[in-house]
Protein chains: 2
Amino acid sequence: MTSIPQMNAEVLQQAQQQIQRDLQTALDAFSIPEPLKSAVNHAVMLGGKRVRPALCYATSNLSTKNSNFAAVRRAAVAIEMIHCYSLAHDDLPCMDNDLLRRGQPTCHVAFGEDTALLAGDILQSMAFEVLGSRLFDTGVAVDGAIVLKQMQILATASSKMVCGQVLDLQAEGKHVDQEHLETIHRNKTGALIQAAIMMAAVTIFSGTDQAIPKLRQFGQAIGLAFQVQDDILDVTASTETLGKTAGKDEQVDKSTYPALMGLEQAQAYAQQLHDQAFDALKYFGENAQDLNQISRFLLSRKS
Amino acid sequence: MTSIPQMNAEVLQQAQQQIQRDLQTALDAFSIPEPLKSAVNHAVMLGGKRVRPALCYATSNLSTKNSNFAAVRRAAVAIEMIHCYSLAHDDLPCMDNDLLRRGQPTCHVAFGEDTALLAGDILQSMAFEVLGSRLFDTGVAVDGAIVLKQMQILATASSKMVCGQVLDLQAEGKHVDQEHLETIHRNKTGALIQAAIMMAAVTIFSGTDQAIPKLRQFGQAIGLAFQVQDDILDVTASTETLGKTAGKDEQVDKSTYPALMGLEQAQAYAQQLHDQAFDALKYFGENAQDLNQISRFLLSRKS
């Protein structure tokens, strides 16, 4: 059993600063007409925990001799763009009809439904544009085979995310067992978290490296743990702390881990998944300290 | 001045059969939960002229020794998926609120707004998945550098398409001059048509080949001509012939070529653009017969 030390999110803070800068650089590289430009900016730059980019950077730090950091930075930007597109679309009236996100009006509240729809649409293609670009390159371009692998990972995860969204909508108001709930979340949130890790992994490890299955195991556990924690926070946290409407899950009769197994049991399950995640990281020894730190933060987070 | 022979769309018919088969093969390769699977199928398989895939195949026929036909087939599927995603989103109530497409209920009428939104979303990522897959490969895989170029072209065109959509929405009810109208269309429809041509072009020509600028010139002319013809048909054709609501442009006070320059002048302009397109194809001689045939069809089409 791993003890949970006081949250030390130094690595996460550094990642937040890095991704904020890189996202802005990426957005500035595009020529987009108004009001789409402002809507995209709103959807992307308002902040958030930036967990996916942080996992991307931290994975790349598993190797001290990573010469492909530009590809990692592009991957982090791309994955966060996909995440932000999904939020802009999730919040739309025909979906969750959410008015508040990160303590701010959601994209469609601020810019109208049509522009919010298009902001999500263009963010998805922009993600692939960034990935295939030479943004952040210094000197020699990154190996095209690596970029291609990153694109494949990102595209597959993006499709899975949408499938998870559909499974989630289908499950509303129905009794769903734990296996089904996990299928939903492995797709809806797990796939993109896994992708953040694997898009960095392919820049430092070959496909046959033992590190790859270990990182997959880590990604699966941390992805699911993240969702269980999200469900718990929806019950225990306030709208103010969350920056989005709390208690929303129960309101729409959503299947959640606390609803399925009770709050205490859900908390124990989150801990168990984190133990699995830490366990997978042992393979990397000291090099995994950044990933360890992010995992600890995710378990102890309050929003 | 090029004469317009009787429409002979044999090449187009062959392309339609090829893309219909390939789209079905591609869709079957994905595991998608219902009702998303049916919605995606509805959005993709109902037909349409399949102009983009036809241009893609015809471009690849500019060279008799194309060993990368699998990459061309994937490109055609990917580009049509992007086109179909854009139609599903364009038809949504918050956009054009169209009830009819290809003589059938639009995706959101048949499956609900949420599912239609998600069908569009997943079609975009599926397009990139297909492009990066080994679908249709026989034997040796296609050079990764070519696939990467195709992805870059597709991503850039998809972003431009959304920008064009925004420019178009912004222009509704406003007086727009010809230059501005062309900027709209070069993005909204031209970019994807150009991409269909260039994604095939990179499988047979190197970046420095003289064929590349010629094809770009052809793509620009044919893309714009296609839109001018679309505007003309919206005025002259019936809803029945079009398979979508006719007279819609005038109804929403959209800037169109007939509105800007009068119907006759718009028809003359369409012919002029086609002459430019045919002119660019002269470079390829006999090899361009498929592209020539498609161009002739596009000018003489009635829907």
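## Two copies and their axis

In this predicted model, chain A can be laid on chain B by a turn of 180 degrees together with a shift of 0.0 Å along the axis, and the RMSD of that fit is 0.0 Å. The two copies are thus related as by a two-fold rotation axis. In general terms, two copies of a chain are related by a rotation about an axis and a shift along it.

Which residue of chain A comes closest to the rotation axis? That residue is A:Leu148, whose C-alpha lies 3.0 Å from the axis. The same surface serves both copies, since 100% of the contact residues of chain A recur in chain B.

## Cysteines without disulfides

A disulfide is a covalent bond between the sulfur atoms of two cysteines. Over all chains, the structure holds zero disulfides. A:Cys56, for instance, is in no disulfide, and the nearest cysteine sulfur, which belongs to A:Cys84, is 14 Å away. A pair of cysteine sulfur atoms would have to be within 2.5 Å to be counted as a disulfide. A:Cys56 counts as buried because its relative accessibility is 1%, where the cut-off for buried is under 20%.

B:Cys94 is likewise in no disulfide, although here the nearest cysteine sulfur is that of A:Cys94, in the other chain, at 7.2 Å. With a relative accessibility of 22%, B:Cys94 counts as partly exposed.

## A buried serine in a helix

A:Ser295 is found in helix α14 of chain A, which covers residues 289-300. Is this serine buried or exposed? A:Ser295 is buried, because its relative accessible area is 1%.

When residues up to four places away in sequence are not counted, A:Ser295 touches A:Phe218, A:Ile222, A:His274, A:Phe278 and A:Leu281.

## A buried phenylalanine in a loop

In chain B, the loop between α1 (10-28) and α2 (36-45) is the place of B:Phe30. This phenylalanine has a relative accessibility of 15%, and therefore B:Phe30 counts as buried.

Which residues is B:Phe30 in contact with, once its neighbours within four places in sequence are left aside? They are B:Lys37, B:Met126, B:Glu129 and B:Val130. B:Lys37 has its number within the range of helix α2 (36-45), the helix that stands on one side of the loop holding B:Phe30. B:Gln265, by contrast, is 235 residues apart from B:Phe30 in sequence, and the two are 47 Å apart in space, taken from C-alpha to C-alpha.

Terms used:
Residues numbered from 1 in each chain as written. Chains lettered and ligands numbered in written order. Predicted model: local features only at pLDDT ≥ 70, side-chain atom pairs only at ≥ 80, totals over all residues. Heavy atoms only, no water. Helix = DSSP H or I, 4+ residues; strand = E, 2+ residues; numbered from the N terminus. Buried < 20%, exposed > 50% of the residue type's maximum accessible area, 1.4 Å probe, protein only. Contact = heavy atoms within 4.5 Å. Least-squares fit on C-alpha atoms with pLDDT ≥ 70 in both.
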